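Good morning, and thank you for coming. Please look at the structure on the screen while I describe parts of it.

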Amino acid sequence: MKTLIFGGLTPIHDKLLEAAVKHLGYNAKHLPQPDIESLKIGREFCNKGMCNPAYFTVGNLLKFLINEKEKGVDVEKTYLFITIGACGPCRFGMYETEYKSALKEAGFESLEMTLLNQTKFSAEGEFKITKKLIYNLMKAVIVADLLRDISYQIRPYEIESGKTDKILTESTKMIYNVLKNNPDIKSIIKALKQIKKLFETVNVDYSKVKPIVNVIGEFWVQTTEGDGNYNIHRWLEKEGAEVKVEPISGWIEYQIFTEIEKTKLEIKVKGKTFKRYRKIFMLKVLLDFYRCLYESFRKALGNKPRSMPDQKLLWELAKPYYDPFVTGGEGHLEVAKHIYNVKFKKAHMTLSLKPFGCMPSTQSDGVQTKVLSDYPESIFVSVETSGDSEVNAKSRIQMKLYEAKEQANIEYERVLEKHSLSAEEVKTAVKMDNSLQNPFIKLSRNHLLTAAKFVDGNYKKIRSINGRTLHRKGFRGIKSAI
Ligand code: SF4
């Protein structure tokens with residue numbers, strides 16, 4: 001049996017998807033994250049005028065095959081490449097052709113390739129899409145989303161540098177084995193509860209003031225963690241931000257929800273049929289089931305990973321600015337997520353990444369100008385990632401990040417003032433009491449900033465550690481002191 005090779009998501013998603021596929025008896029191997037060399041190879045073998053993700057992903061496959069060939073592996077007999085495809089208004093619809101022509105150019109013409117259709121749940125070639133496979137992939141994606149989110153929430157505050165990544169690697173190995181050998185819900189939930197305990201061993205200092213930056217944009221470029229987006233997530237963390245990452249599950253829900261809305265439109269235009277109603281019913285069941293699975297796994301992790309916004313809400317938010325029936329790329333999601341962040345105070349700053357040559361992102365960018373004029377309080381920046389204009393892109397982000405930091409500081413000062421505390425007193429309390437270093441400690445829901453949530457949720461303890469049991473407003477403090 002040939003080994004299935006695939007890639008293109010985050011390292012943790014690729015790894016866990018590999019386990020899910022292996023459970024069904026396939027040999028599987030994920031490709032490494034694309035780098036600048038992948039881009040160069042992609043540019044050499046792809047047609048001109050493609051978007052950047054095409055160069056990166058095609059080049060990454062070729063780079064892997066070239067390396068394997070140099071090691072003496074007969075790649076065409078050993079591997080079968082699997083990729084996602086769709087017919088669509090953007091260049092994504094041309095990826096299959098592009099892969100084939102680049103493979104031919106590079107001398108791997110007979111490498112077998114299977115295309116998974118993302119909207120029809122079908123596959124061509126030896127690899128078969130079954131309900132069991134879809135179910136296993138769903139579970140792997142959800143777990144990867146949650147672990148990724150939790151690590152991005154904890155890492156910026158870790159006291160011992162590198163501990164979160166160490167726990168993340170350990171957790172990934174643990175859940176990899178579960179997904180490969182015994183991926184039933186009970187076993188996954190049990191493993192996630194153990195993983196929560198592992199994360200509890202990371203001591204954090206939530207008193208660090210770090211603005212929340214939500215990275216949105218074109219699907220691939222906001223997801224990849226490497227040269228494809230200048231390692232933007234890790235770079236933002238080094239610059240003092242807490243990064244809010246987008247779950248791939250959000251994209252899956254978007255696909256299902258859009259299909260429901262399209263079918264409703266079909267009923268309006270072409271008439272009612274049993275088939276159309278049944279389709280809507282089945283898709284709604286799938287959507288509810290997906291959400292239920294997501295929430296169950298999230299609960300096993302102490303509800304620390306963020307819940308996803310409702311697709312209906314995102315649809316409604318974007319509607320006055322961007323026709324949600326216009327698909328291609330992220331569709332209306334870029335605009336909707338920006339508004340969602342500002343309106344519901346979900347991030348201090350929104351960073352939208354646009355790959356060089358991306359048509360849908362350029363379209364969204366035009367609309368964001370109108371959103372900005374309607375929401376002037378928004379801190380928003382959109383940058384193009386071309387693979388070679390890193391300094392320019394990062395300096396633009398730094399300017400906006402400065403504004404976000406100022407906003408975060410104001411928020412923190414307000415919460416300190418509300419509870420008559422000083423920043424020093426909070427720092428002292430964190431140092432003196434280990435229980436305040438627990439990453440799963442109670443955080444208030446009344447704020448956006450993690451440091452503000454921490455103070456608001458634990459001010460009584462912080463005050464008592466500092467020997468200030470009397471509340472300045474008198475009676476309540478006296479009562480608690482007695
Ligand atoms: S959304 Fe943009 S970058 Fe992504 S495949 Fe389509 S055109 Fe290319």
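I shall speak about two strands, a helix and the ligand.

This is a predicted model, in which local features need pLDDT of at least 70 and side-chain atom pairs count only at pLDDT 80 or more, while totals for chains, interfaces and linings use all residues. Residues are numbered from 1 along each chain as its sequence is written.

Let us begin with the strands. Helices (H or I, at least four residues) and strands (E, at least two) are DSSP runs, numbered from the N terminus. Strand 1 (residues 3-6) runs parallel to strand 2, and four bridges join them; strands pair if DSSP finds at least two bridges between them. Leucine 4 has alanine 28 of strand 2 as its bridge partner.

In strand 2 (residues 27-30), Ala28 and His30 point to one face and are buried, whereas Asn27 and Lys29 point to the other and are not. Here, buried means that 20 or more other C-beta atoms, placed from the backbone, lie within 10 Å of the residue's own.

Next comes helix 3 (residues 52-70). Of its 19 residues, 14 are buried, so helix 3 is largely enclosed by the rest of the structure. Just after helix 3, glycine 72 takes a positive phi of about 95 degrees.

Finally, where does the ligand lie? Domain 1 (34-129) and domain 2 (209-247 + 308-406) both give residues to the shell around the ligand, so the ligand lies between them. These domain bounds come from an automatic or database domain assignment. Helix 15 (residues 359-374) gives the most to that shell, with three residues.

Terms used: A residue is buried if 20 or more other C-beta atoms lie within 10 Å of its own, exposed if 12 or fewer, and partly exposed in between; C-beta atoms are placed from the backbone. The expected span of a helix is 1.5 Å times one less than its number of residues.
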